[in-house]
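Hi everyone, and thanks for coming. I'd like to walk you through one model today, so please have the sequence and the 3D view open as I talk.

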Amino acid sequence: MLTLRKRISEVLEREALDLKEIAKLFGMREREVLDHLKHLEKSSHSQHLIAEPAYCMACGFSFKKRTRLNTPGRCPICKSEQISPPRFKIDLPGKKIKASP
Ligand SMILES: [Zn+2]
């Protein structure tokens, strides 16, 4: 039987999702998802957890320097609170790793 963490990693191999989407998919709290992601990040030898940075939907500012796993509250440039949360995915070896835009 697959562990929950394994199932999360399999989903993220197929598509990039944000915390909310993962939480909904597995019926968990976002905090729990975050915990699993942190473990995935540490324990994955053969795969890479990629976090696409959060960005401001108003001006397009990208939160590249920010802690990778959390969603920022507001944009430092335009003060908008419409922030698109970071999305997570897993790249497997052999696949070409695409850099974040
Ligand atoms: Zn902005």
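Let me begin with a definition: a residue is buried if 20 or more other C-beta atoms lie within 10 Å of its own, exposed if 12 or fewer, and partly exposed in between, with C-beta atoms placed from the backbone. This is a predicted model, where local features need pLDDT of at least 70, side-chain atom pairs count only at pLDDT 80 or more, and totals for chains, interfaces and linings use all residues. Residues are numbered from 1 along each chain as its sequence is written.

Let's try that definition on Lys-79. Lys-79 has 10 C-beta neighbours inside 10 Å and therefore counts as exposed. Its phi is positive, about 65 degrees, although Lys-79 is not a glycine. You'll find Lys-79 in the loop between strand 3 (55-56) and strand 4 (83-84). Pro-76 is in the loop between strand 3 and strand 4 as well. Pro-76 is exposed, with 10 other C-beta atoms within 10 Å. From C-alpha to C-alpha, Pro-76 is 9.3 Å from Cys-56 in space, with their positions 20 residues apart in sequence.

Now the overall layout. Helices (H or I, at least four residues) and strands (E, at least two) are DSSP runs, numbered from the N terminus. The chain has three helices and five strands, and they follow the pattern α-β-α-α-β-β-β-β along the sequence. Of the 101 residues in the chain, 16% are buried. I'll call two residues in contact if their C-beta atoms, placed from the backbone, lie within 7 Å. Taking contacts between residues at least 6 apart in sequence, 53% join residues at least 24 apart.

On to the sheet. Two strands pair if DSSP finds at least two bridges between them. What is the strand order in the open sheet? This three-strand sheet has the order 1-5-2, with antiparallel pairing. Strand 1 (17-18) and strand 2 (48-52) are the edge strands, each pairing on one side only. Strand 1 pairs with strand 5 (residues 87-91) over two bridges, while strand 2 and strand 5 pair over five. For register, Leu-17 stands opposite Phe-88, Asp-18 is opposite Arg-87, and His-48 is opposite Asp-91.

Which residues of strand 5 point to the buried face? Phe-88 and Ile-90 do, while Arg-87, Lys-89 and Asp-91 point to the other face and are not buried. As a general reminder, side chains in a regular strand alternate between the two faces of the sheet.

Please click on Leu-17, in strand 1. Leu-17 is partly exposed, with 19 other C-beta atoms within 10 Å. Leaving aside neighbours within four places in sequence, Leu-17 is in contact with Val-11, Leu-12, Ile-22, Arg-87 and Phe-88. Phe-88, not counting residues up to four places away in sequence, touches Leu-12, Ala-16, Leu-17, Leu-37, Leu-49, Ile-50 and Ala-51.

That brings us to the core. A nonpolar core is a set of buried Ala, Val, Leu, Ile, Met, Phe, Trp, Tyr and Cys residues joined through C-beta atoms within 7 Å. The largest one has nine residues: Ile-8, Leu-12, Leu-19, Ile-22, Val-33, Leu-37, Leu-49, Phe-88 and Ile-90. Helix 1, helix 2, helix 3 and strand 5 each supply at least two residues of this core.

Last, the helix packing. Axes are lines fitted to C-alpha atoms, for helices over the stretch in contact, and angles run from 0 to 180 degrees between N-to-C directions. Angles under 35 degrees count as roughly parallel, over 145 as roughly antiparallel, 65 to 115 as roughly perpendicular and the rest as oblique. The axes of helix 2 (residues 19-26) and helix 3 (residues 30-43) come within 9 Å and cross at roughly 100 degrees, so these two helices are roughly perpendicular. Leu-19, Lys-20, Ile-22 and Ala-23 of helix 2 meet Glu-30, Val-33 and Leu-34 of helix 3.

Helix 1 (residues 4-14) packs against helix 3 at about 80 degrees, with the axes 10 Å apart. Helix 1 and helix 3 are therefore roughly perpendicular too. Here the contact is made by Leu-4, Arg-5, Ile-8 and Ser-9 of helix 1 and His-36, His-39 and Leu-40 of helix 3.

That's my tour, and I'm happy to take questions!
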